[in-house]
Amino acid sequence: MELCPKCKTQLRIRQPRMVVEGDKSPDTPTTVYLVQEQFCANPHCVEYKQTVDEIKHLLYAEKDDSHDH
Ligand SMILES: [Zn+2]
């Protein structure tokens with residue numbers, strides 16, 4: 001668990017969200033991440049409720065072996 005750089009309070013983790021990259025173009029392999037934003041829960045801190053850091057978990061990566069240039 002990481003600490004807030006401003007107040008050194010342990011960061012809290014928001015509800016994770018799914019992020020999909022590369023699904024707009026057939027030339028880029030599709031990658032799916034689960035992103036967990038970490039925020040400061042100290043009301044006296046300037047970073048209160050601000051996202052300080054985020055953890056990316058790779059869920060799915062499409063293999064890009066369809067192009068043999
Ligand atoms: Zn803080």
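What radius of gyration does the protein have, and what would a compact globule of 69 residues have? In this predicted model, the protein has 17 Å, whereas a compact globule of 69 residues would have a value near 11 Å. The dimensions of the trace can be set beside that figure: along its principal axes, the C-alpha trace spans about 55 × 20 × 20 Å. Burial is given as a share of the chain, with buried residues making up 4% of the 69 residues. As for contacts along the sequence, 47% of those with a separation of 6 or more are between residues 24 or more positions apart.

The secondary structure can be taken next. The protein has zero helices and four strands, and from the N terminus on its elements run β-β-β-β. Strand β3, residues 31–39, is a useful place to start, since the pairings described below can be followed from there. Strand β3 pairs with β1 in the antiparallel sense over two bridges. Five bridges join β3 to β2, and these two strands also run antiparallel. With β4, strand β3 forms an antiparallel pairing over nine bridges.

Individual residue pairs show where these strands meet. Between β1 and β3, Arg12 has Phe39 as its bridge partner. Between β2 and β3, Val20 stands opposite Val32, and Glu21 stands opposite Thr31. Between β3 and β4, the bridge partner of Val35 is Lys56.

How many residues of strand β2 are buried? Strand β2 covers residues 17–21, and of these five residues the number buried is zero, so the strand lies largely in the open. The count for strand β4 can be read in the same manner. This strand covers residues 51–61, and because zero of its eleven residues are buried, β4 lies largely in the open.

Two residues can be followed in more detail, beginning with Ile13. Ile13 is found in strand β1. A residue with 20 or more C-beta neighbours within 10 Å is buried and one with 12 or fewer is exposed; Ile13 has 14 such neighbours inside 10 Å, so Ile13 counts as partly exposed. Leaving aside neighbours within four places in sequence, Ile13 is in contact with Gln36 and Gln38. The C-alpha atoms of Ile13 and Phe39 are separated by 6.4 Å, although these residues are 26 residues apart along the chain. Phe39 is also the residue in β3 that forms the bridge with Arg12.

The other residue is Thr9, which is placed in the segment before β1, the strand of residues 12–13. Is Thr9 buried or partly exposed? Thr9 counts as partly exposed, because 15 C-beta neighbours lie inside 10 Å. When residues up to four places away in sequence are not counted, Thr9 touches Leu3, Cys4, Cys40, Ala41, Asn42 and Cys45. One of these residues, Cys45, is 36 residues from Thr9 along the chain. The C-alpha atoms of Thr9 and Cys45 are separated by 9.0 Å.

Definitions and conventions. Residues are numbered from 1 along each chain as its sequence is written. This is a predicted model: local features need pLDDT of at least 70, side-chain atom pairs count only at pLDDT 80 or more; totals for chains, interfaces and linings use all residues. Two residues are in contact if their C-beta atoms, placed from the backbone, lie within 7 Å. Two strands pair if DSSP finds at least two bridges between them. The radius of gyration is taken over C-alpha atoms; the globule rule is 2.2 Å times the number of residues to the power 0.38.
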